[in-house]
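Student: I'd like a close look at a single part of this one, rather than a quick tour of everything. Could you pick one piece and tell me how it sits among its surroundings?

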Amino acid sequence: AAIEKLQKMSEHAAPAVAKMLADGHKNRKEPKGWIQVYLPLYILKGMGEHAKVALPDVIKALDDRYGPVAGVAAEVLGNMGPAAKGAVPDLLRVWEKSTKIPGRPGATKALVDALKRIESEAAEKAGITGQKFFLASRTDLRVLLQERRRLRAEIAAFRPDVVHAHF
């Protein structure tokens, strides 16, 4: 409830949350320091373009070694929309790095979504495209076995860098 209240008064609260994020970066090397970066980012995620006051520290969080921190940083940027246009080169840099070093699928998906929301042309130039695949059934074993073949064929044809699944 407190986070939602801060997000609703984002125009006034964003500078204080940006300060929390800057302080969190200073304490990042502590054993649980990631939470001091994650929490303000999570709050900023619901502040839209008002989160722009924290733009440099949000961009810095894209390089965090902990995937959820990098992922929520990308979500903050995506929710800022065009106000985060200055972050596009950093999003592209981190996207390129993530295609070579797998292991942060949630962060990678958030990077793609942010790029598409901020500047879709930049995403297209970088070769970032999306394709959706829907199962005919999630419970019928016979149908799932058939769908498995169809999914494998789709993946072979599309050759994605990232597969993000919801069940």
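Tutor: What follows is a close look at one helix, H3, with the rest of the chain as its setting.

A quick word on ground rules. This is a predicted model, so local features need pLDDT of at least 70 and side-chain atom pairs count only at pLDDT 80 or more, while totals for chains, interfaces and linings use all residues. Residues are numbered from 1 along each chain as its sequence is written, and side-chain values use heavy atoms, with hydrogens and water left out.

Let's start with the setting. The chain has nine helices and zero strands (DSSP runs numbered from the N terminus, at least four residues of H or I for a helix, at least two of E for a strand). Read from the N terminus, the order is simply α-α-α-α-α-α-α-α-α. The C-alpha trace spans about 55 × 35 × 30 Å along its principal axes. Of the 167 residues, 36% are buried (buried is under 20% relative accessible area, exposed is over 50%, partly exposed is in between, with a 1.4 Å probe and protein chains only). The accessible surface comes to about 10400 Å², and carbon and sulfur atoms own 56% of that (Shrake-Rupley method, 1.4 Å probe; for residues, only the protein chains shown count as cover). As for contacts, meaning heavy atoms within 4.5 Å, take those with a separation of 6 or more: 61% of them join residues 24 or more positions apart.

Now zoom in on H3, which runs over residues 33–45. Its 13 residues should span 18 Å at 1.5 Å a residue, and its end C-alpha atoms sit 19 Å apart, which agrees (the expected span is 1.5 Å times one less than the number of residues).

Which residues of H3 are buried? They are Gly33, Val37, Pro40, Leu41, Ile43 and Leu44. Look down the axis of H3 and these residues fall within an arc of 160°, so they line one face of the helix (the arc is that of the directions from the helix axis to the C-beta atoms). What do they pack against? The partners are four helices: H1 (2–8), H2 (10–26), H4 (55–61) and H5 (67–80).

Take the H1 partner and pick out glutamine 7, which is found in that helix. Glutamine 7 is buried, because its relative accessible area is 19%. Setting aside neighbours within four places in sequence, glutamine 7 touches Tyr42, Ile43, Gly46 and Met47. Ile43 is one of the buried residues of H3.

H3 also takes part in a nonpolar surface patch. Met20, Ile35, Leu39 and Tyr42 make up this patch of about 320 Å², and H3 supplies the largest share, three residues. The rule for patches: residues have over 30% relative accessible area and no salt bridge, with like charges joined within 9 Å and nonpolar side chains (Val, Leu, Ile, Met, Phe, Trp, Tyr) joined within 5 Å. Isoleucine 35, one of the patch members, lies in H3 and counts as partly exposed because its relative accessibility is 39%.

Next, the H5 side. Proline 68 is found in H5 and is partly exposed, with a relative accessible area of 39%. The C-alpha atoms of proline 68 and tryptophan 34 are 9.3 Å apart, though the two are 34 residues apart along the chain.

There's a charged link too. Lysine 45 forms a salt bridge with glutamate 75, with the closest N and O atoms 3.1 Å apart (a salt bridge is a side-chain nitrogen of Lys or Arg within 4 Å of a carboxyl oxygen of Asp or Glu). Lysine 45 belongs to H3 and glutamate 75 to H5, so the pair ties together parts that are 30 residues apart in sequence. Both ends are partly exposed: lysine 45 at 22% and glutamate 75 at 34%.

The full count is ten salt bridges, and some others are worth a glance. In the H2 partner, aspartate 23 and lysine 19 meet at 3.0 Å, N to O; both lie in H2, four residues apart, about one turn of the helix. Aspartate 23 is partly exposed at 27%. Farther along, arginine 93 and aspartate 90 pair up at 3.4 Å. Those two are three residues apart in H6 (residues 88–100), so about one helical turn separates them. Arginine 93 and aspartate 90 also belong to a salt-bridge network with Asp63 and Lys97.
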